[in-house]
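Okay, hi everyone, thanks for coming. Have a look at the screen for a moment, and then I'll walk you through what I found.

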Amino acid sequence: MSNKNVVPEAKEALNRFKMEAATEVGVNLKQGYNGDLTAKQAGSIGGQMVKKMIEKFENDMK
């Protein structure tokens with residue numbers, strides 16, 4: 001599996017989305033390398049992103 005974005009222009013939007021999700025769960029992300037995050041912190045960011053995507057999908061279905 002590749003780590004390339006299907007739409008390269010979306011990279012900045014994805015980064016903004018990730019930073020927004022991190023702020024919402026209280027994790028301080030910095031630009032660039034964030035390998036010092038705990039698994040719990042990284043998981044909370046990913047979980048928040050999925051939660052927001054599901055909410056958007058559900059709202060778009062209405």
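I'll start with one helix, move to the core, and finish with the salt bridges. Keep in mind that this is a predicted model.

So, helix α1. It covers residues 11–24, which makes 14 residues. From its first C-alpha to its last it reaches 20 Å, close to the 20 Å expected at 1.5 Å a residue. Right after α1 comes Gly26, and its phi is positive, near 80 degrees.

Now, which residues of α1 are buried? They are Phe17, Ala21 and Ala22. If you look down the axis of α1, these buried residues fall within an arc of 135 degrees, so they line one face of the helix. Here's the bit of helix geometry to remember: an α-helix has 3.6 residues a turn, so residues three or four places apart point the same way. Over on the other side of α1, Arg16 and Thr23 are exposed. And what covers the buried residues? Part of the cover is α2, residues 39–61.

That takes us to the core. The largest nonpolar core has 7 residues: Phe17, Ala21, Ala22, Val27, Leu29, Ile45 and Met49. Helices α1 and α2 each supply at least two of them, and α1 gives the most, with 3 residues. Take Ala22 as an example. Setting aside its neighbours within four places in sequence, Ala22 is in contact with Val27, Leu29 and Ile45.

Okay, on to charges. How many salt bridges does a search of the whole structure find? The count is 5, and I'll show you a few.

One is between Lys52 and Glu24, with the closest N and O atoms 3.3 Å apart. This pair links distant parts of the chain, since Lys52 is in α2 and Glu24 in α1, 28 residues apart. Lys52 is partly exposed, at 23% relative accessible area, and Glu24 is partly exposed too, at 40%. Glu20 joins in as well: Glu20, Glu24 and Lys52 are linked in a network of salt bridges.

Next, Lys30 pairs with Asp36, and there the closest N and O atoms are 3.1 Å apart. Lys30 is partly exposed, at 41%, while Asp36 counts as exposed, at 54% relative accessibility.

My last pair is Asp60 with Lys56, at 2.8 Å between the closest N and O atoms. Both lie in α2, 4 residues apart, about one turn of the helix. Both of them are exposed.

That's my tour, thanks for listening!

How values were computed
Residues are numbered from 1 along each chain as its sequence is written. This is a predicted model: local features need pLDDT of at least 70, side-chain atom pairs count only at pLDDT 80 or more; totals for chains, interfaces and linings use all residues. Side-chain values use heavy atoms; hydrogens and water are left out. Helices (H or I, at least four residues) and strands (E, at least two) are DSSP runs, numbered from the N terminus. The expected span of a helix is 1.5 Å times one less than its number of residues. Buried means under 20% relative accessible area, exposed over 50%, partly exposed in between (1.4 Å probe, protein chains only). The arc is that of the directions from the helix axis to the C-beta atoms. Contact means heavy atoms within 4.5 Å. A nonpolar core is a set of buried Ala, Val, Leu, Ile, Met, Phe, Trp, Tyr and Cys residues joined through side-chain atoms within 4.5 Å. A salt bridge is a side-chain nitrogen of Lys or Arg within 4 Å of a carboxyl oxygen of Asp or Glu.
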